[in-house]
Amino acid sequence: ERIVLNGFPYFVNGSGGAGLLPFTGTPVAGSVIRYDADCGALRIEASCSKLNFQFRTVAGTLVDSYDIT
């Protein structure tokens, strides 16, 4: 899940492989995207001018991407 509150991003990755559970209830305030269909990982790429966050499934599918410049 990616949440943005007051312009600050929060990333929650609970899909590292210990078993997936479906989301329940309503998303919290600021929730932008939630994904619970497959295991995956958050990749962070940094340069002098940008941070790029990408959540990809184990199959390589891009689910979410977020940049901070």
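Two strands count as paired here if DSSP finds at least two bridges between them. Keep that rule in mind as you click around this predicted model.

**Start with the whole chain**

Show the protein chain as a cartoon. You'll find 6 strands and 0 helices, so to speak a β-β-β-β-β-β pattern when you read along the sequence. Along the principal axes, the C-alpha atoms fill a box of roughly 35 × 30 × 15 Å. If you colour by accessibility, buried residues make up 19% of the 69 residues in the chain.

**Next, select E1, E2 and E3**

Pick residues 2-5 for strand E1, then 8-11 for E2 and 31-33 for E3. Together they make an open sheet of 3 strands in the order E2-E1-E3, with antiparallel pairing. E2 and E3 are the edge strands, each pairing on one side only. Neighbouring strands of this sheet are turned by 30° against each other on average, ignoring direction. Turn on backbone hydrogen bonds while you're here: strands of a sheet pair through them, either parallel or antiparallel.

**Walk along E1**

Which residue in E2 is the bridge partner of Leu 5? Click across and you land on Phe 8. One more pair to light up is Val 4, which stands opposite Pro 9 in E2. In total, E1 and E2 pair over 4 bridges.

Now look at the hairpin that joins these two strands. There are 2 residues between them, and Asn 6 takes a positive phi near 50° in this hairpin.

On the E3 side, E1 pairs in the antiparallel sense over 2 bridges. Select Arg 2 and you'll see Ile 33 of E3 standing opposite.

**Stay on Arg 2**

Show side chains and add Asp 64. These two form a salt bridge, with the closest N and O atoms 2.7 Å apart. The pair links distant parts of the chain: Arg 2 sits in strand E1 and Asp 64 in strand E6, 62 residues apart.

Are the two partners buried or exposed? Arg 2 has a relative accessibility of 9%, so this residue counts as buried. Asp 64 is buried too, because its relative accessible area of 14% falls under the 20% cut-off.

**Jump to the other salt bridge**

The count comes to 2 salt bridges. For this one, select Glu 45 and Arg 43, whose closest N and O atoms are 3.0 Å apart. Glu 45 has 46% relative accessibility, so this residue counts as partly exposed. As a general point, side chains of opposite charge can pair when their charged atoms come close.

**Finish at the largest pocket**

Switch on a surface. Rolling a probe the size of a water molecule over the atoms shows where empty space is left. About 390 Å³ of space lies in the largest pocket.

Which residues lie nearest the centre of this pocket? Select Glu 1, Val 12, Asn 13, Gly 14 and Tyr 35. They belong to a lining of 22 residues. For more of the wall, select strand E5 (51-57) and strand E6 (62-68), which each supply at least two residues of the lining. Now colour the lining by class: 12 residues are nonpolar, 5 are polar and 5 are charged.

One last click: go back to E6, which supplies lining residues for the largest pocket and also holds Asp 64, the salt-bridge partner of Arg 2.

Definitions and conventions. Residues numbered from 1 in each chain as written. Predicted model: local features only at pLDDT ≥ 70, side-chain atom pairs only at ≥ 80, totals over all residues. Heavy atoms only, no water. Axes fitted to C-alpha atoms, helices over the stretch in contact; angles between N-to-C directions. 1 Å grid on protein atoms, 1.4 Å probe; cavity = no way out; pocket = protein on both sides within 12 Å on 5 of 7 lines; lining within 4 Å. Points joined across faces, edges and corners; volume = space filled by probe spheres on them. Nonpolar A, V, L, I, M, F, W, Y, C, P; charged D, E, K, R; others polar. Salt bridge = Lys/Arg side-chain N within 4 Å of Asp/Glu carboxyl O. Buried < 20%, exposed > 50% of the residue type's maximum accessible area, 1.4 Å probe, protein only.
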